[in-house]
Amino acid sequence: MKGVSRTELRITTILVSMVVGLVTVILCCCIFIFLNRYRSAMVQSARTSTAQAVSQVSNTVSNYLQDMDQAMSMVERSMLEDADNRDRMLTAFLIFRPDVVAVTSYSYSGQLLDCWCLDREPRETISQNLSFDLNRARSSGGAYMTAPHVETIFEEYYPWVVTMTTPLKPGNKAAWVSLDLSFSSISSYINNVSIGQRGYCFLMDKEGNIVYHPQQQLLYAGLKSEDTEALASLADGAYADDTVIYCLTSVADSDWRVVGVSYVDELVNRSVSEMIHLSAILAAVLLAAAVLTSWLLFRLLARPLRGLADAMERFETDADHFTYLSVGGTREIQELSGSFGHMVLRIQQLMATVREEEVNLRKTELKALQAQINPHFLYNTLDSIAWMCEQGRNADAVKMVHALARLFRISISKGHELIPIAKEIEHAESYLQIQKYRYKNQFTYQFDVDPACLDYYCNKITLQPIIENAINHGLDLLVDEGSITVQVCQDGDDIVFYVRDNGVGMSDELIHAILEQGPEDRTGIGIRNVNDRLKIYFGKQYGLHITSEPDVGTCVEIRMPKIQEGNYEAK
Amino acid sequence: MRRNRWAAAWAALLCVFLLGCGADTTYSEQHTVALIAKSTETEFWLSVFAGAEAAATEYNLKLTITGPETEEDYETQNQMVADAVAEGAQAIVFSAIDYENNAAAIDDAAKKGAKIVAIDSSVDSQAVSTYIGTDNYAAGQMAAQAALDRIVGTLRIGIVNYDMNSANGQERERGARDLFSSTGRAEVVAAINTLAEAGHAREDTAQMLADHPGINVLLAFNEPTSVGAAQAVEELGLSEDVFLVGFDSNVATVEGLQTGSVDALIVQNPYAMGYLGVESAYKLLSGQGTGLTAVVDTSTQIVDRDNLFSMDSQKALFAFESR
């Protein structure tokens with residue numbers, strides 16, 4: 001059973017492992033492919049979103065520059081007016097456009113001629129005017145724009161501005177006019193651009209010089225760096241490496257470029273890791289489902305099968321007292337179980353039938369035995385009685401007739417199979433009495449009976465065949481005086497009869513032949529009949545046990561359970 | 001039953017698997033950082049705040065900024081440290097007014113679990129994870145060197161310093177004095193400790209100049225004292241005679257550079273202090289604190305009349321932010 005269980009267990013393990021393993025492999029492949037695709041899609045979308053942010057910045061900067069162009073053309077127009085009109089127009093313009101810090105005009109030699117600014121006058125001595133560069137104005141030929149710089153012509157006022165300078169038409173007193181536009185709107189706009197959590201934008205020119213960077217101070221302190229040279233050599237577009245996505249866009253009509261920097265880590269890796277987390281949970285749930293399913297399957301199939309096998313085994317060991325409880329499960333199992341149930345019932349019925357037939361057979365045998373011995377025994381005994389009468393031994397003859405009558409009365413016993421042990425002893429004694437006369441006192445006999453045993457029951461005609469065998473085969477050939485002892489005693493829950501003689505004894509082969517094989521003569525049949533009846537009535541552990549030693553004697557042990565009146569009467 | 005044991009084993013395995021999956025993704029919540037400055041008024045500190053806010057935005061931190069009204073009020077600072085911790089600040093970015101008297105408050109905060117980052121001016125506490133700021137000794141030497149480079153002959157020096165207990169002012173003064181004494185042609189004639197407020201500094205400087213008429217070099221070690229000293233020099237008409245080296249960028253001192261009352265400015269990088277201070281706080285809170293160095297030197301730059309409007313000086317002196 002243990003071996004069976006272990007194999008079964010192995011099958012379960014293999015089944016569950018196979019299902020789980022298969023599911024795991026499939027899941028791993030799916031997740032791997034899915035995550036790969038997901039990551040590349042995320043990188044693509046991160047690039048797109050970076051590009052969108054950058055193009056927005058580029059548009060804003062471009063608008064700012066166009067705006068500047070428009071403002072400049074307005075200033076140029078005002079320059080054509082006479083002085084009063086010009087002042088009025090520019091003042092109105094400055095009120096209308098608070099982001100214009102100053103409008104300045106310069107002579108051919110680069111001298112500051114006029115400055116229009118609300119509420120402020122330029123300082124008397126300007127150490128350096130960053131809004132106008134004579135050399136550049138002369139060499140550029142047309143309008144030009146500076147990088148962002150600090151307005152330096154006012155006292156205690158240093159806003160960041162971008163300057164646009166345009167040459168005026170000849171004939172004018174001023175040769176150039178400059179417009180200083182506040183840069184703070186653009187700088188704060190760029191500062192507020194965020195791509196992801198840490199991404200940002202900065203402005204550089206075509207050569208890779210940084211025009212504006214939100215973390216200008218960090219760059220300048222050397223605590224941060226941008227590889228602008230490498231970036232300057234790249235065309236517009238998005239470039240992603242493992243950690244950073246760069247996106248470049250040129251600002252229309254200028255030599256500025258917007259660079260967007262975003263971090264793959266936060267845009268992509270975070271959502272990818274979230275995905276990994278999610279799919280891991282999904283995989284775990286599926287795995288759990290797979291394990292559960294295979295376990296349920298096993299429960300549905302293997303467990304009832306084993307229940308069935310257990311039932312069969314129990315049936316095998318004790319068919320008589322087995323009651324079958326049907327096993328649940330799938331329909332197939334239930335059918336199997338039903339069939340087994342039917343089979344059990346059928347086998348038990350057959351067994352009952354066989355036992356009944358066996359009992360009937362023994363009864364018939366016993367009757368045949370009785371029928372066989374009666375006439376032979378009867379006429380021998382009657383001869384003896386007649387002989388006694390002839391000799392005038394009337395008292396002995398009366399004893400013999402009484403003994404004979406007792407013998408027959410008890411052996412019939414109104415047809416009961418079980419009789420009290422006292423009666424059986426009486427029967428045996430009557431028989432011995434008769435035989436002793438017949439054998440002319442060639443042997444003696446005595447009884448040693450435990451009085452407590454007398455009220456128990458036993459099969460009738462149990463002792464007689466044994467005693468007959470002892471007389472015929474043990475004592476008949478003996479030269480000396482023979483002796484027969486019948487002993488009855490208790491042994492736990494059993495009653496044991498011993499019939500001992502001091503006859504010639506039997507060989508083991510003979511004992512075996514008498515008990516096991518077919519009968520050879522009448523006494524053999526008698527002994528076997530006793531043995532079989534005891535075993536049929538009470539079980540295999542009961543019956544006869546013969547020990548014998550040649551020339552010393554034989555002891556037949558008859559064992560049967562203690563039986564109260566009525567217990568076995570039904571049988 | 002044997003099979004039940006198998007089922008239990010499988011269940012246990014699954015649990016471990018699920019837990020393993022759960023453990024590797026931890027969602028970061030918003031950390032709270034308090035920046036406690038020496039002052040909330042001067043341009044220097046406004047620039048620090050700009051840097052701090054930039055970093056707070058970048059790293060998704062909740063940032064609160066506080067500072068006392070005067071740069072001498074360490075008791076208010078101590079109270080602010082305690083309040084910040086009580087309000088749940090997980091890290092404190094701190095600039096100490098008083099190197100010693102702020103220490104206990106910082107130790108207390110650290111005991112309650114707050115991470116400490118010192119910027120600009122450190123504090124006498126083991127709890128400080130990192131110091132971010134100017135190398136004050138070198139900055140002091142730089143100021144002295146500026147004067148030595150531009151003046152021939154003997155230097156008679158007046159020093160205008162602020163709170164005696166402030167670590168960075170004292171370091172700067174020590175740097176300057178060490179360099180002066182090593183040259184042999186410089187003599188510190190007078191040194192005063194005034195309040196870090198322009199009006200007081202102006203009066204005290206004017207008094208010192210009146211008491212010691214021989215002074216031809218003035219060193220002022222922070223923004224308000226520099227402004228005060230420049231005003232005193234201007235008022236007394238000593239722009240030509242006194243060589244003033246100031247600290248930090250202020251409209252008044254930049255103006256002084258152009259008019260002559262100020263001759264050189266040592267410009268620190270307050271934006272970087274604010275930015276890196278908050279960034280370090282973030283690193284400490286997010287468990288990357290092991291990579292921090294004990295001292296981070298934010299650069300200093302010397303600006304005089306000649307390079308006043310170079311691009312580097314512009315970026316160092318003038319903030320982009322419109323205020």
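Which residue of β2(B) is the bridge partner of T32(B)? In this predicted model, that partner is K62(B). The pair belongs to a parallel ladder in which strand β1 (residues 31-36) and strand β2 (residues 61-66) of chain B are joined over 6 bridges. Between these two strands comes helix α2 (residues 43-58) of chain B, and together β1(B), α2(B) and β2(B) make up a right-handed β-α-β unit.

β1(B) has another partner as well: strand β3 (residues 91-94) of chain B, again parallel, with 4 bridges. Here V33(B) sits opposite A91(B). As for cover, 5 of the 6 residues in β1(B) are buried, leaving the strand mostly covered.

Further along chain B there is an open sheet of 6 strands, which runs in the order β7-β6-β8-β9-β10-β12 and has mixed pairing. At its edges stand β7 (186-193) and β12 (301-304) of chain B; each has a single partner strand, so one side of each is left without a neighbour in the sheet. From one strand to the next, the twist averages 20°.

The partner of β7(B) is strand β6 (residues 155-161) of chain B, and the two pair in the parallel sense over 7 bridges. Within that pairing, V160(B) is matched with I192(B) in β7(B). Two helices can then be placed against the sheet. Helix α6 (residues 167-183) of chain B touches β6, β7 and β8 (217-220) of chain B, and its direction makes about 175° with that of β6(B). Helix α8 (residues 223-236) of chain B also packs on the sheet, touching β6, β8 and β9 (243-247) of chain B, with its direction at about 155° to that of β9(B).

Key
Residues numbered from 1 in each chain as written. Chains lettered and ligands numbered in written order. Predicted model: local features only at pLDDT ≥ 70, side-chain atom pairs only at ≥ 80, totals over all residues. Buried ≥ 20, exposed ≤ 12 C-beta atoms within 10 Å, placed from the backbone. Pairing = 2+ DSSP bridges. Right-handed = clockwise from strand over helix to strand, strands pointing away. Axes fitted to C-alpha atoms, helices over the stretch in contact; angles between N-to-C directions. Contact = placed C-beta atoms within 7 Å.
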